[in-house]
Amino acid sequence: MDNEQKILKGKEAFANICAMMDSHNWRYEKDEEKLKIRCTLHGDDIPVDFLMRVDTERCIVSYISWMPFHMPEDKRVEGAVAVCVAGYGLVDGSFDYDISDGEITFRLTASYQGGAQLTPDLFEYMVYVATSTVDRYNDKFLSLSKGTITLQQFIDSEKA
């Protein structure tokens, strides 16, 4: 796929993301030049902020959500273990962890390399799966960061 085709497919993907967001009447901010969308959805407890971005150079669409807190320095190793435990059973997407500052993010990508069709239904899947995954774990990571649960309690909650 040449560069012009990558850009056209990327803009088509961006339009489909916007169409999906509009179909749900979700409020979001879009940057058409950079092909980025920011949105906040409300889960069971902590709001889920995310960014969807079309990368025309790599032919991917990514969903990235960041926890609204960082693991404190004295909990960073526990945070790393918790992120590994959480990631073990995920069906799609992954948690990323920066041990240097305790930041936890969730990432899910879809590629349009090779002519794959990126439809509103695919983007709806991405948002629902990623947001529900973040919503499932954000309060557990927060509790671990504050010391209201132990690492062992976090691990045990994954076995239940």
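This is a working chat about one predicted chain.

User: What kind of model is this, and how are residues numbered?
Analyst: It is a predicted model: local features need pLDDT of at least 70, side-chain atom pairs count only at pLDDT 80 or more, and totals for chains, interfaces and linings use all residues. Residues are numbered from 1 along each chain as its sequence is written, and side-chain values use heavy atoms, with hydrogens and water left out.

User: How many helices and strands?
Analyst: Four helices and six strands. Both are DSSP runs numbered from the N terminus: helices are H or I with at least four residues, strands are E with at least two.

User: In what order do the elements run?
Analyst: From the N terminus, α-β-β-β-β-α-β-β-α-α.

User: What box do the C-alpha atoms fill?
Analyst: Roughly 50 × 30 × 25 Å, along the principal axes.

User: How much of the chain is buried?
Analyst: Of the 160 residues, 42% are buried. Buried means under 20% relative accessible area, exposed means over 50%, and partly exposed is in between (1.4 Å probe, protein chains only).

User: What share of the contacts is 24 or more positions apart?
Analyst: 56% of the contacts with a separation of 6 or more. A contact means heavy atoms within 4.5 Å.

User: Switching to charges. How many of each sign?
Analyst: There are 17 positive and 27 negative side chains. Lys and Arg count as positive, Asp and Glu as negative; His and the chain ends are not counted. The centres of the two sets lie 2 Å apart, with each charge placed at NZ of Lys, CZ of Arg, CG of Asp or CD of Glu.

User: Cysteines next. How many disulfides?
Analyst: Zero. The rule asks for a pair of cysteine sulfur atoms within 2.5 Å.

User: Why is Cys-39 not in a bond?
Analyst: Because the closest cysteine sulfur, in Cys-18, is 11 Å from the sulfur of Cys-39, which is too far.

User: Is Cys-39 buried or exposed? And Cys-84, buried or exposed?
Analyst: Cys-39 is buried, at 5% relative accessibility. Cys-84 is exposed, at 58%.

User: What about the phi of Cys-59?
Analyst: It is positive, near 60°, in a residue other than glycine. Most residues other than glycine have a negative phi. Cys-59 sits in the loop between strand S3 (48-55) and strand S4 (60-70). At 0% relative accessibility, Cys-59 is buried.

User: And Leu-35, what is its phi, and where is it?
Analyst: Leu-35 has a positive phi of about 55° without being a glycine. Its place is the loop between strand S1 (28-31) and strand S2 (36-41). Leu-35 counts as buried too, at 9% relative accessibility.

User: Back to Cys-59. How far is Lys-9 from it?
Analyst: They are 8.2 Å apart in space, C-alpha to C-alpha, and 50 residues apart in sequence. Lys-9 belongs to helix H1 (residues 3-23). It is buried, at 19% relative accessibility.

User: What does Lys-9 touch?
Analyst: Beyond neighbours within four places in sequence, Lys-9 contacts Met-1, Tyr-112, Gly-115, Ala-116 and Gln-117.

User: Last topic, S5. Which residues are on its covered face?
Analyst: Phe-95 and Tyr-97. Ser-94, Asp-96 and Asp-98 make up the uncovered face of this strand, residues 94-98.

User: How does S5 join S6?
Analyst: Through five bridges, antiparallel, with S6 covering residues 103-111. Pairing takes at least two DSSP bridges between two strands. Tyr-97 stands opposite Ile-104 in S6.

User: What is in the turn?
Analyst: S5 and S6 form a hairpin with four residues between them. Gly-102 is in that turn, with a positive phi of about 80°.
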